[in-house]
Amino acid sequence: MTGCERTYPSPECYGELIAHRRRADTLNTSMSVPPLGYGFHLTNTPLPPLQEVLENLFTVEIPMTVTFRGVNSRQSALIRGPHGWGEFAPFLEYGTQESAAWLACALEAAWLPAPEPVRTRIPLNATLPAVPAERVPQVLAKYEGEIQELKIKVAEKGQGLADDIARVAAARNALPNARLKVDANMGYTLGGALESLRKLCEYGIIYAEQPVASIEDMAALRFAIAKEGLPARIAADESIRKAEDPLKVARANAADLMVIKAAPLGGVRRALALVEQAQLPAVVSSALESSVGIATGASLAASLPTLRYGCGLGTVSLMAEDVTDEPLIARDGFMDLRTITPSPQRLERLATDKQTRQWWVERVTACYRVLERTADL
């Protein structure tokens, strides 16, 4: 094989790709990233006072039924406002600047009315963590009804391609008619991603989510798999939600679609504005939240002009508990849009200790200061 047909794309392919990307940059200079607090800007609404936010803050820790991204329990801060509840749940290792977007989302959900939906029933995918192949039926059994689309975690640290193939094969065996997609969370090298996709495409995957880390490698991989005629598309996740410029991936033509999450992108309205500018099909995913955060994600999915893929909003099924008596979960591959109100009894049972609560109060306060400076509200 020659050129882009090799396992690692050739320098010639990179040259062509870079030229293509520069043309895309020229064509898309009008794109601009909305500021944090965009929902409050758009509605000309001031941020709620910090003291009011802290007075309506509840911290919880929810156990998981399976390990997901190395997490066995999920800590979160729930915030009650005049329009409902928001969830502030950046992962514990996230810094203040990155976490500030999550607070903007939580405050928007609690203090602003949700955008007008264009649909009230949302197609979902189930999520399969990087479990051994023999555990696949057990995990899939936790989802209610028929699974029509499944996202499978691959490229887990400490595992290899054989593990990924076995897991995807087990999923295909269990779900012969479902649409399958894989999520590598940036875990592959460029050459490893191409080698893996050659194998995984044999099981009919429809797209690979964030197979490599850099936008440059994403673009190179997308070019290479097109040269080989592999059917899978490339979806951008971390290249959008963890980027200073979430629109860079669109300018670089590095993805076929974008995975968006309301909390990391700073709220429903900011996420919708990014999708409109990127002009890429979007699929909404969760950040491993309780039903409160999932409801915000569902509001985003309900507001998108088009929705071609099942959304990754079914992760409450991976939790042993929830903050509401009626969890927001999928049935037969769909979720109905509805409001979520936490149960006082569950909030009390799942409450963190005082020291942990104080840590979250300080974290919210630090992120609020970032929003004050960034949003200039």
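Helices and strands are DSSP runs, numbered from the N terminus. The model described here is predicted.

The protein has 14 helices and 12 strands. Its C-alpha trace spans about 65 × 50 × 40 Å along the principal axes. A compact globule of 377 residues would have a radius of gyration near 21 Å; the value for the protein is 20 Å, which agrees. Of the 377 residues, 58% count as buried. Contacts often link distant parts of the sequence. Among those between residues at least 6 apart, 74% join residues at least 24 apart.

Strands S1 (residues 57-68) and S2 (residues 71-81) run antiparallel and are joined by eight bridges. Within this pairing, Ile62 stands opposite Arg74 in S2. Two residues separate the strands of the hairpin, and Arg69 takes a positive phi near 55 degrees there.

Helix H6 covers residues 161-174. At 1.5 Å a residue, its 14 residues should span 20 Å, and the end C-alpha atoms are indeed 20 Å apart. The buried residues of H6 are Asp164, Arg167, Val168, Ala170, Ala171 and Arg172. Their cover includes both strands and helices. Among the strands are S5 (126-128), S6 (149-153), S7 (179-183) and S8 (205-209). Helices H5 (136-140) and H7 (190-200) also contribute to this cover.

Two lysines carry an annotation. The unreviewed UniProt entry lists Lys153 and Lys261 under "active site". The lining of the largest cavity includes both Lys153 and Lys261.

Lys153 is placed in strand S6. Its relative accessible area is 8%, under the 20% cut-off, so Lys153 is buried. Beyond its neighbours within four places in sequence, Lys153 is in contact with Phe68, Leu128, Pro129, Ala130, Arg167, Asp183 and Asn185. One of these partners, Arg167, is a buried residue of H6.

Lys261 has its place in the loop between strand S10 (257-260) and helix H11 (268-278). With 9% relative accessibility, Lys261 also counts as buried, because the limit is 20%. Leaving aside neighbours within four places in sequence, Lys261 is in contact with Asp237, Arg241, Ser285, Ser286 and Leu300.

A second annotation concerns acidic residues. In the unreviewed UniProt entry, "binding site" covers Asp183, Glu209 and Asp237. These residues are spread over 55 residues of sequence, yet they cluster in space, with a largest C-alpha distance of 9.2 Å. From this set, Asp183 belongs to the lining of the largest pocket.

Asp183 lies in strand S7. Asp183 counts as buried, at 0% relative accessibility. Not counting residues up to four places away in sequence, Asp183 touches Lys151, Ile152, Lys153, Val154 and Glu209.

Asp237 is found in the loop between strand S9 (233-236) and helix H9 (238-241). Asp237 is likewise buried, at 0% relative accessibility. With residues up to four places away in sequence set aside, Asp237 touches Glu209, Gln210, Val259 and Lys261.

The two annotations meet through contacts. Asp183 touches Lys153, and Asp237 touches Lys261. Glu209 is touched by Asp183 and by Asp237.

Notes: Residues numbered from 1 in each chain as written. Predicted model: local features only at pLDDT ≥ 70, side-chain atom pairs only at ≥ 80, totals over all residues. Heavy atoms only, no water. Helix = DSSP H or I, 4+ residues; strand = E, 2+ residues; numbered from the N terminus. Expected span 1.5 Å × (residues − 1). Buried < 20%, exposed > 50% of the residue type's maximum accessible area, 1.4 Å probe, protein only. Contact = heavy atoms within 4.5 Å. Pairing = 2+ DSSP bridges. UniProt positions renumbered as here; feature names shortened; annotations may be inferred. 1 Å grid on protein atoms, 1.4 Å probe; cavity = no way out; pocket = protein on both sides within 12 Å on 5 of 7 lines; lining within 4 Å. Rg over C-alpha atoms; globule rule 2.2 N^0.38 Å.
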